[in-house]
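Trainee: I've got the model open and a pile of things to ask. Can we walk through it together?

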Amino acid sequence: MKDVKIPIKSIISSKVEKYKCIYEETEFNLLRRYFISCLNLGYLTPNSLELIVDKFCYKIKKIVKTPKVINLLNYYKIENDILIINDDVKGYDEALYELTFFTAVTETLFESSSEYLAIITSVIEIAAEKIHNFDVTNSKIMDQKVVTETVNTSHTFKTEFINYPLIIHLLRQFFLYKQTSEEIIVRECFFNQSNKVINNLINDGSDNLLIKILNQIFELNVRRKTKRIDNFLNEDKLIIKYQLIIKASLDKTSDAYKYFSKMVTNQNINKINE
């Protein structure tokens with residue numbers, strides 16, 4: 001992609017003029033970087049770029065920066081056609097400000113809703129962090145630091161994601177069970193409403209139950225973050241139940257089952273019903 005000459009700056013400028021958008025230079029440049037990354041990661045193509053830029057500029061007419069705390073979980077909010085972002089973050093963590101901006105852009109383009117909240121929030125985060133970690137200068141994906149996370153002392157897993165690592169890990173298990181991938185889902189969400197993309201994955205009661213449980217885990221995960229509660233017994237039970245449902249749905253002779261066995265957050269899950 002780095003050898004393909006695409007006038008991204010002029011495309012964004014023309015859409016800003018078309019919709020009379022008000023973006024400061026910093027955010028304009030971040031938006032340009034965002035779309036360069038999307039092209040290099042294969043989320044967008046040169047032919048689809050203008051359509052998606054148009055979509056963003058149509059939805060967000062103004063980007064407003066504020067020093068005020070917006071909420072306990074995010075550093076931005078979207079009200080009608082205005083993106084409000086906390087720029088105090090930039091003063092102590094510029095990378096976090098960039099990631100926050102990219103997350104807001106992705107949420108806008110994915111046309112997220114409260115339906116399938118855990119899945120859609122996680123897919124947005126996956127896309128935003130991968131886009132943020134793309135080095136546009138050298139046209140390569142920067143190495144993401146993989147760390148070991150522990151939840152409720154009994155669940156351990158490796159992750160490269162900063163936000164919602166547990167939910168993303170469990171979501172990857174769901175995608176494995178559904179025989180799809182996060183890359184496919186992310187690409188589809190740029191062009192279709194995210195709730196419709198997820199709805200197309202759902203076939204039966206087991207799918208709906210998994211989504212319900214994942215939403216419950218997500219809610220507890222958010223409470224743990226915002227209220228700084230370290231342990232939820234219900235969360236532990238739900239994490240186990242979720243993975244047991246997926247385990248029971250996979251063919252034990254399949255590669256997916258073998259891969260899932262390596263993804264479980266507690267090795268006791270592999271021993272149940274064996």
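Trainee: Let's begin with Gln-179: is Gln-179 buried or exposed?

Mentor: Keep in mind that this is a predicted model. Gln-179 has a relative accessibility of 77%. The cut-off for exposed is over 50%, so Gln-179 counts as exposed.

Trainee: And where is Gln-179 found?

Mentor: Look just after α7, where Gln-179 takes its positive phi of about 60°. Gln-179 isn't a glycine, despite that phi. Its place is the loop between α7 and α8 (182–191).

Trainee: Which residue in the loop between β7 (155–159) and α7 (165–177) should I look at next?

Mentor: Most residues other than glycine have a negative phi. Here's one with a positive phi, near 55°, that isn't glycine either: Tyr-164. The residue to look at in the loop between β7 and α7 is Tyr-164.

Trainee: Buried or exposed, what is Tyr-164?

Mentor: The limit for buried is under 20% relative accessible area. Tyr-164 has 5%, so the label is buried.

Trainee: How many residues of α7 are buried?

Mentor: α7 has 13 residues and reaches 19 Å from its first C-alpha to its last, close to the 18 Å expected. Its buried residues include Pro-165, His-169, Gln-173 and Phe-174. α7 is largely enclosed by the rest of the structure, because the buried count is 12 of the 13.

Trainee: Which residues touch the most other members of the largest nonpolar core?

Mentor: Nonpolar side chains tend to be buried together in soluble globular proteins. The largest nonpolar core here holds 88 residues. One of the top three is Phe-174, which is also among the buried residues of α7. The full trio is Phe-35, Phe-174 and Phe-190.

Trainee: What is Phe-35 in contact with, leaving aside its neighbours within four places in sequence?

Mentor: Two of its partners carry low numbers, Ile-8 and Ile-12. The others on the list are Leu-44, Leu-49, Ile-52, Val-53 and Leu-109.

Trainee: Ile-11 is in helix α1 (residues 8–19), so what does Ile-11 contact beyond four places in sequence?

Mentor: Ile-11 is buried, at 12% relative accessibility. Leu-49 and Val-53 turn up again, since Phe-35 is in contact with them as well. The full set for Ile-11 is Ile-6, Leu-49, Glu-50 and Val-53.

Trainee: How far apart in space are Glu-27 and Phe-102?

Mentor: Glu-27 lies in helix α2 (residues 25–41) and is buried, with a relative accessible area of 1%. Beyond four places in sequence, Glu-27 touches Ile-63, Lys-65, Lys-90, Tyr-97 and Phe-101. Glu-27 and Phe-102 are 75 residues apart in sequence, while their C-alpha to C-alpha distance is 9.9 Å.

Trainee: Which residues are the closest to the centre of the largest pocket?

Mentor: That pocket has a volume of about 720 Å³. Its lining has 27 residues, and they divide into 13 nonpolar, 10 polar and 4 charged. Closest to the centre are Asn-71, Leu-73, Asn-74, Tyr-75 and our buried Tyr-164.

Trainee: Which helices each supply at least two residues of that lining?

Mentor: One of them is α6, where 15 of the 16 residues are buried. α6 reaches 22 Å from its first C-alpha to its last, close to the 22 Å expected. With their ranges, the helices are α5 (94–110), α6 (117–132) and α10 (205–227).

Key: Residues numbered from 1 in each chain as written. Predicted model: local features only at pLDDT ≥ 70, side-chain atom pairs only at ≥ 80, totals over all residues. Heavy atoms only, no water. Core = buried A, V, L, I, M, F, W, Y, C linked by side-chain atoms within 4.5 Å. Buried < 20%, exposed > 50% of the residue type's maximum accessible area, 1.4 Å probe, protein only. Contact = heavy atoms within 4.5 Å. 1 Å grid on protein atoms, 1.4 Å probe; cavity = no way out; pocket = protein on both sides within 12 Å on 5 of 7 lines; lining within 4 Å. Points joined across faces, edges and corners; volume = space filled by probe spheres on them. Helix = DSSP H or I, 4+ residues; strand = E, 2+ residues; numbered from the N terminus. Nonpolar A, V, L, I, M, F, W, Y, C, P; charged D, E, K, R; others polar. Expected span 1.5 Å × (residues − 1).
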